[in-house]
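Here are a few friendly notes to read alongside the model. Take them one at a time, and find each residue in the viewer as you go.

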Amino acid sequence: MRILLVEDDESIVDVLTTILAERNYRVDVARDGQIGWQMAETQTYDLVLLDVGLPKLDGISICRRLRQVGNQVLVMLLTARNSTTDKLFGLDAGADDYVVKPLNLQELTARIRALLRRRGAIASPVLEWGHLRLDPNRREITYEGRLLQFSHKEYQLLELFLQHPNRVLSRSAIVNDVWSLDETPPNEDTVKSHIKSIRRKLDAFGVRDLIETLYGQGYRLNPEYRLEQPQIAEQTSTEQETLELAVSKIWQRTKGSTLERLDSLQQMIYFLQSGTLDNDLLQSVSHSAHKLAGSLGTFGFQTASRLAQQLEALLQSKLPQEVLAQKAQQLVTALYESYELLTEEPIAGADDTPKGNLAGPILVNEEWPLLLIIDQDHDLAENIAKEANVWKIRTEIAPDPAVARERIAHNRPDVILFDTPLNDKDKQSMAFLQEIANRDIPIPVIVFSAPETANDRLALAHLEGQTFLQKPAPSNQVLRAVNQALQANPTIVKILAVDDDPQILAVLKALLDPQGIELVGLEDPTRFWETLKLTQPDLLILDISMPGVSGLDLCRLVRSDFELNWLPILFLTAQDDLLTLQQVFKAGADDYLPKVLIAEELVTRVRNRLQQSRMARSQLEIDLLTGLANQHRAIQGLNQLLHLASRSQQPVCLVVLDLDGFKRVNDHYGFIQGDRVLRQFGYFLQQQFRAGDVVARWGRGEFVVGLYGIRRDEGVERLAEILEDWRSQPLTTPDGNPLRVSFSAGIAQYPVDGSALQMLYRTADAMLYQAKYAGRNRILSAGWRPLTGAVASQIDVVLIHPENELAQPILWALETRGYHTRWLRFGQEAIAALSGESPSLKPRLILLSQDLSDIDGLNVLKQLGVNILQQSRTIFLLSNPDLVESAQGLGIFDYVLKPLNVTVLMQRLRQTLLIRS
């Protein structure tokens with residue numbers, strides 16, 4: 001068997017090449033994705049082991065390319081990403097299987113054997129030709145029970161002949177299959193010499209011409225030696241011990257590289273502390289932490305692997321460098337402590353728990369916007385802070401302006417909530433508000449105050465960036481005002497300025513950069529449209545007179561575009577006569593500025609226009625409670641997806657979701673609690689989908705989602721995972737008790753279930769109500785049908801498992817995805833229901849546990865027989881990996897090792913049903 005390993009982690013390469021070579025696989029290695037793709041394209045392999053995170057070209061892209069060019073080589077993904085979404089992408093790209101890093105090497109080798117056998121690359125666990133037997137598990141060759149001694153290459157040659165017993169192998173085919181790419185290619189005499197040596201050793205046992213020569217063609221096994229019935233050998237019980245010994249030797253040889261990686265991570269800390277770490281180096285160090293996590297876990301050091309994974313996630317966050325340095329130092333220190341244990345403990349059963357006292361979860365709320373609450377009423381501030389957590393907003397509390405200044409100097413907030421009386425007597429508060437308004441980059445302030453006189457309100461109106469919120473107001477209303485301020489004042493503002501004078505662009509950049517405004521300058525107006533699409537600015541600044549295309553023409557172009565006509569546009573002009581200004585505003589401009597730029601005037605006008613534009617767009621397109629698109633914006637986005645799908649011949653899924661029993665939440669706990677649930681659900685949905693998907697609030701408790709390039713079955717799996725994740729969200733009632741709110745969803749696919757948005761919505765909405773009627777808390781697609789009277793052939797999955805503790809989560813996951821199920825506790829009961837002339841159950845798939853109370857799973861397989869197992873494919877739930885070979889010999893389609901992950905099991909089940917259909 002010839003395997004291509006595409007992996008950039010040297011430790012993993014060392015482990016896998018050693019383990020696979022000991023099992024007599026020929027392994028070629030590529031250390032980046034581009035080389036791996038070239039090798040897979042130009043060479044013939046039985047299997048490609050493909051790391052997902054590769055330099056130059058990622059593993060999923062390689063897999064997709066292979067399938068696009070019709071290459072059906074077996075592909076197994078090695079991924080450090082344990083989310084089912086990433087596995088979905090890999091399997092849907094054409095992968096045949098995947099193994100999650102850190103690698104369980106015993107499972108990996110078992111899965112490799114299973115894949116090769118499923119494809120037919122291996123006819124039997126033991127290869128035979130007459131009385132000649134080759135046992136790949138024991139790596140032994142015998143003749144009539146007597147052991148023969150062969151060199152490594154001779155063993156590989158005999159294995160090649162036995163794997164292709166009826167094929168004539170030319171010398172070039174032998175070289176390609178037996179010699180890997182990193183070995184020096186042998187000449188013709190070398191191949192002849194190996195064949196001659198094999199014949200000589202067989203002659204000593206009285207076996208002549210078992211390998212015969214066909215002159216001018218090559219070599220083959222002599223048909224006269226063939227027997228009809230090969231026997232199946234049992235798997236050796238010492239394989240695990242051999243495996244552990246081999247891995248332990250590799251660890252002793254390569255553990256020095258772990259220390260080198262740790263030293264490079266510590267060096268990164270120094271760069272962080274000095275503020276000299278650039279993005280390229282940061283990405284390189286993050287990749288080093290990623291490789292460290294994979295290799296340490298593969299060698300059995302799970303705690304150290306988790307520390308490295310935490311460090312990788314930390315390095316990919318957007319924390320300030322000083323905060324990043326502090327938290328990264330904690331993890332690197334813990335990794336050093338763990339390394340000291342690793343160098344002392346044996347590889348089998350290593351206990352790598354660090355001795356230090358690490359802090360708890362690090363990356364909790366670091367990327368949420370920050371609200372500074374200035375309030376002497378600590379209880380009120382704490383209540384608002386607790387509510388802010390639901391809105392995914394961080395909080396800090398200061399009792400007075402003096403402490404607030406210290407907080408701002410240390411960590412600039414995104415918005416300030418200031419509880420203060422509005423009157424001229426409170427000079428300290430008014431001075432603080434004036435100070436915030438005069439900052440180079442003002443911070444929006446919400447003044448939370450009891451009703452005062454009109455003069456007091458007028459004093460506030462003179463200050464820039466202040467909003468008034470009248471007391472008393474519930475926390476939910478306060479947070480709505482905070483959220484609106486955040487949307488109106490984004491942390492990143494981008495402006496596209498078009499002017500053929502580079503000096504003007506340089507002046508604009510110099511004036512706006514200190515204000516935290518990013519300016520993209522464009523001198524060539526003919527490249528305006530492509531730059532606009534690429535930049536996606538928040539505001540345009542245009543010059544009137546430019547060669548080729550005038551600014552007025554560009555303004556009209558933007559105003560005529562359905563998607564971009566909202567953009568605020570400012571003109572720069574050296575002419576301020578009435579006719580020019582009339583032309584500017586007639587073309588659709590919002591404002592103009594003289595080319596003799598005054599910094600304060602420019603910044604003021606830009607910020608005013610940005611704030612007005614965002615407020616108007618929020619009211620028009622954004623649901624302020626949930627932060628999602630509203631129905632108006634959703635219709636636009638969904639129609640755009642359908643238009644794109646029509647041109648590219650891709651599917652689109654429309655999902656209609658509804659919170660189950662939401663009216664009961666409002667009735668029992670009030671509308672404020674209902675709004676909290678909606679807000680949390682809206683934010684939750686935002687985190688679950690891709691940037692190009694449409695996610696919107698449609699009605700009171702109803703939401704819609706548009707998914708581009710996804711079929712119905714993929715949509716059901718994706719939404720089921722989201723539903724399972726939502727069930728675990730920490731919802732509470734006002735008095736702190738747990739609150740459970742599920743959702744149901746219906747899915748329709750373009751163009752299968754309709755080509756227009758209205759038809760797709762009606763279909764998805766109908767399936768939503770089918771889901772409600774079927775019991776809620778589930779996802780149903782337009783292809784789903786309820787059970788009728790004769791159910792034998794309508795059952796999707798039969799679960800044969802004795803334990804309620806594991807069976808219930810599996811059944812729940814199946815029902816969530818709309819599968820019709822039956823649960824059988826006993827093996828004899830299952831045999832009676834599934835077999836016979838008129839079986840009562842004819843499922844599409846069987847989930848069979850190895851451990852049953854009355855009869856073991858292998859005996860159930862034997863009594864069901866091959867015919868039933870071909871009609872209803874079986875996934876075997878195994879507690880003993882040594883039984884894989886036996887179960888596969890009896891006809892199972894796939895297996896999952898216990899303790900199992902239910903989500904992974906659902907993914908395997910879905911792939912099995914797709915292959916069957």
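A word to start with: two residues are in contact when they have heavy atoms within 4.5 Å of each other. Keep in mind, too, that this is a predicted model.

1. **The whole protein.** The protein has 917 residues, and 53% of them count as buried. Its secondary structure comprises 32 helices and 31 strands. Take the contacts between residues at least 6 apart in sequence: 68% of these join residues at least 24 apart. The protein exposes about 41,700 Å², with carbon and sulfur atoms supplying 49% of that area.

2. **Helix α29.** Which residues of helix α29 are buried? In this helix, which covers residues 827-834, they are G827, A830, I831, A833 and L834. The cover over these buried residues includes three strands, β27 (797-800), β28 (821-824) and β29 (845-849), as well as the helix α30 (857-871). After α29 comes G836, which has a positive phi, near 95°.

3. **V652 in strand β22.** You will find V652 in strand β22, which covers residues 652-659. Is V652 buried or exposed? It counts as buried because its relative accessibility is 3%, and the cut-off for buried is under 20%. Leaving aside residues up to four places away in sequence, V652 touches L641, L642, A645, L707, Y708, I710, A748, Q749 and Y750. Look also at G706: it lies 54 residues from V652 along the chain, yet the C-alpha atoms of the two are separated by 6.9 Å.

4. **D543 in strand β19.** D543 belongs to strand β19 (residues 539-543). With a relative accessibility of 4%, D543 counts as buried. Which residues does D543 touch, not counting those up to four places away in sequence? They are V498, D499, D500, G551, F571, L572 and K595.

5. **D500 and its patch.** One of the residues that D543 touches is D500, so it makes sense to look there next. D500 sits in the loop between β17 (493-498) and α18 (502-512). D500 is partly exposed, because its relative accessible area is 33%, a value in the range between the 20% and 50% cut-offs. Together with E523, D524 and E530, D500 forms a negative surface patch. Try comparing the two aspartates in the viewer: D543 is buried, whereas D500 is partly exposed.

Definitions and conventions:
Residues are numbered from 1 along each chain as its sequence is written. This is a predicted model: local features need pLDDT of at least 70, side-chain atom pairs count only at pLDDT 80 or more; totals for chains, interfaces and linings use all residues. Side-chain values use heavy atoms; hydrogens and water are left out. Helices (H or I, at least four residues) and strands (E, at least two) are DSSP runs, numbered from the N terminus. Buried means under 20% relative accessible area, exposed over 50%, partly exposed in between (1.4 Å probe, protein chains only). Patches are made of residues with over 30% relative accessible area and no salt bridge: like charges are joined within 9 Å, nonpolar side chains (Val, Leu, Ile, Met, Phe, Trp, Tyr) within 5 Å. Accessible areas come from the Shrake-Rupley method with a 1.4 Å probe; for residues, only the protein chains shown count as cover. A salt bridge is a side-chain nitrogen of Lys or Arg within 4 Å of a carboxyl oxygen of Asp or Glu. Lys and Arg count as positive and Asp and Glu as negative; His and the chain ends are not counted. The place of a charge is taken as NZ of Lys, CZ of Arg, CG of Asp or CD of Glu.
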